[in-house]
Amino acid sequence: MTGVNASPIVSALRTLEVGPVREEEPLRKHTSFKIGGPARVFVEPESQAGVIAMLEWVRDHQVPYFIIGQGTNVLISDQGLDAVVISTSRGLKTVEVQGDRLRAGSGVLLTKLAHTAAKAALSGLEFAISIPGTLGGALVMNAGAHGSSMVAVVEGVTVWDPIHGVHAIEASEAEFAYRQSRFQKTPWIALDSVLKLTPGDADHIRQTMAHHMDYRKKSQPVGEANAGSIFKNPLPQYAGQLIEQIGAKGWSVNDAVVSERHANFIINRGSARAVDVLALMRRIRAAVYQKTGVVLRPEVRWIGPGEGGTDTLWENLWYMEGIGLKEPCE
Ligand SMILES: Cc1cc2nc3c(=O)[nH]c(=O)nc-3n(C[C@H](O)[C@H](O)[C@H](O)COP(=O)(O)OP(=O)(O)OC[C@H]3O[C@@H](n4cnc5c(N)ncnc54)[C@H](O)[C@@H]3O)c2cc1C
């Protein structure tokens, strides 16, 4: 869309009547970091059919696009995205209990899924109570905490891709690994999933969830703008411990600051830009490497052209895929 007036695209998308279509929408309003320049076009389809209609339209018209859930694991360029950004938060919202399984749309929050499972006395999603974001984002990241992750519960996913359209995949095809999945390498859009759980005791499930939430409140900077863990854990070591060892708590670049509470979190104190976060990440990464020989890899996903790929240090970590710079194939 570079150099092209976005308005004809907006008009065309509005005629599809699938939900709100906005121009130059600030993406900082849609990320937990409160960072990100404008989307040329931002759409919020109200139904699964609407999401599919949007995806088909951008495919047929060869317009760059980006799918966003809750924006809790992304660092979006200050320049914004010259693309159609499609939000799943309105259209993929159904949740259904089917015996010991949950069928849920990708726009459903993980916390809602955890509460739904607890209410139905189904165990397996207790870990998800403390992870912000949508089911779709959690599939892409194989999100996890408290010793479990999505791979433990996903049975199958309905996906859309530009070549095959809508089709079902089994969990094994998603190649889940630590904070990785095939969604990061394949243009699959997750529409809905079936999660296989285990019948359990509702009170015990709720107690476990309360325990996880308590732990989270004590160990992480709850209530401040951030994107969760910035770096993946170089297992068996922990990124937070390595960053703490080099004395980086409190380091800052403008309003981007390493959290005093958890060293693997960067906080936006107010007006941090994506370039500030990137500069701080580079500084941390270089210092950890110098002191320990460990190369930290980003967990947060860089979205956008420009800064993330211009520094040779980072070229090895992020590569351009479509409009987004994502992590490398390893
Ligand atoms: C305070 C805080 C704590 C956190 N704690 C944890 C934690 O304990 N464990 C953990 O694993 N993560 C954690 N995170 C990170 C984040 O919450 C998870 O990665 C979450 O699953 C991301 O979901 P999202 O909807 O926000 O995804 P987004 O940030 O919106 O998107 C992430 C990626 O997924 C893609 N995507 C989103 N939806 C779809 C879809 N339907 N189909 C295809 N691609 C899609 C996007 O294009 C993007 O590339 C934390 C984040 C915060 C802010």
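Helices are DSSP runs of H or I with at least four residues, strands are runs of E with at least two, and both are numbered from the N terminus. The legends below describe close-up views of a predicted model.

**Figure 1. The shell of residues around the ligand**. The ligand is surrounded by 32 residues, of which Ile-67, Thr-72, Pro-132, Thr-134 and Gly-144 come nearest. By class, this shell is made up of 15 nonpolar, 14 polar and three charged residues. At least two shell residues come from each of β3 (65–68), α4 (135–141), β9 (144–145) and β13 (189–196). Helix α4 gives the most, contributing five residues to the shell.

**Figure 2. Polar contacts to oxygen atoms of the ligand, including those from Thr-72 and Thr-134**. The side chain of Thr-72 places an N or O atom 2.6 Å from an oxygen atom of the ligand. For Thr-134, a polar side-chain atom is found 2.6 Å from a ligand oxygen atom. Ala-138 takes part through its backbone, a polar atom of which is 3.2 Å from an oxygen atom of the ligand. The ligand taken alone exposes 980 Å², and the protein buries 93% of that area.

**Figure 3. Helix α2 and its buried residues**. Helix α2 covers residues 48–60, a run of 13 residues. From the first C-alpha to the last, α2 reaches 18 Å, close to the 18 Å expected at 1.5 Å a residue. Gly-50, Val-51, Ile-52, Met-54, Leu-55, Trp-57 and Val-58 are the buried residues shown in this helix. An α-helix has 3.6 residues a turn, so residues three or four places apart point the same way. Just after α2, Gln-62 adopts a positive phi of about 50 degrees.

**Figure 4. Gly-165 in strand β12**. Gly-165 belongs to strand β12, which comprises residues 165–170. Its relative accessible area is 12%, and Gly-165 therefore counts as buried, the cut-off being under 20%. Leu-55 of helix α2 is separated from Gly-165 by 110 residues in sequence, yet their C-alpha atoms are 9.4 Å apart in space. With neighbours within four places in sequence left aside, the contacts of Gly-165 are Val-159 and Trp-160.

**Figure 5. Two residues of helix α5, His-212 and Lys-218**. His-212 is a residue of helix α5, which spans residues 202–219. Because its relative accessible area is 10%, His-212 is classed as buried. The side chain of His-212 is joined to that of His-146 by a polar contact of 3.5 Å. Apart from neighbours within four places in sequence, His-212 is in contact with Glu-126, Phe-127, Ile-129 and His-146. Lys-218 is also located in α5, but its relative accessibility is 67% and Lys-218 therefore counts as exposed. Lys-218 and Val-157 are 61 residues apart along the chain, with 34 Å between their C-alpha atoms.

**Figure 6. Asn-268 and its surroundings**. Strand β17, residues 266–268, contains Asn-268. With a relative accessibility of 6%, Asn-268 counts as buried. Its side chain reaches the backbone oxygen of Phe-33 at 2.9 Å. A polar atom of the Asn-268 side chain is also 2.9 Å from the backbone nitrogen of Ala-272. When residues up to four places away in sequence are not counted, Asn-268 touches Phe-33, Lys-34, Ile-35, Ala-225 and Asp-255. Of these residues, Lys-34 is shown again in the next view for its backbone.

**Figure 7. Backbone geometry at Lys-34, Ala-121 and Pro-236**. Most residues other than glycine have a negative phi, and most peptide bonds are trans. Lys-34, in the loop between β1 (21–26) and β2 (38–43), has a positive phi near 60 degrees. Ala-121 likewise has a positive phi, near 55 degrees; this residue is placed in the loop between α3 (110–119) and β8 (122–123). The relative accessible area of Ala-121 is 22%, so this residue is partly exposed. The peptide bond that leads from Leu-235 to Pro-236 is cis, with omega near 10 degrees. Pro-236 lies in the loop that connects α5 with α6 (239–245).

How values were computed. Residues are numbered from 1 along each chain as its sequence is written. This is a predicted model: local features need pLDDT of at least 70, side-chain atom pairs count only at pLDDT 80 or more; totals for chains, interfaces and linings use all residues. Side-chain values use heavy atoms; hydrogens and water are left out. The expected span of a helix is 1.5 Å times one less than its number of residues. Buried means under 20% relative accessible area, exposed over 50%, partly exposed in between (1.4 Å probe, protein chains only). A residue is near a molecule or strand if one of its heavy atoms lies within 4 Å of it. A polar contact is a pair of N or O atoms within 3.5 Å; within protein, one must be able to donate a hydrogen and the other to accept it, and residues adjacent in sequence count only if both atoms are side-chain atoms. Accessible areas come from the Shrake-Rupley method with a 1.4 Å probe; for residues, only the protein chains shown count as cover. Ala, Val, Leu, Ile, Met, Phe, Trp, Tyr, Cys and Pro count as nonpolar, Asp, Glu, Lys and Arg as charged, and the others, Gly among them, as polar. Contact means heavy atoms within 4.5 Å.
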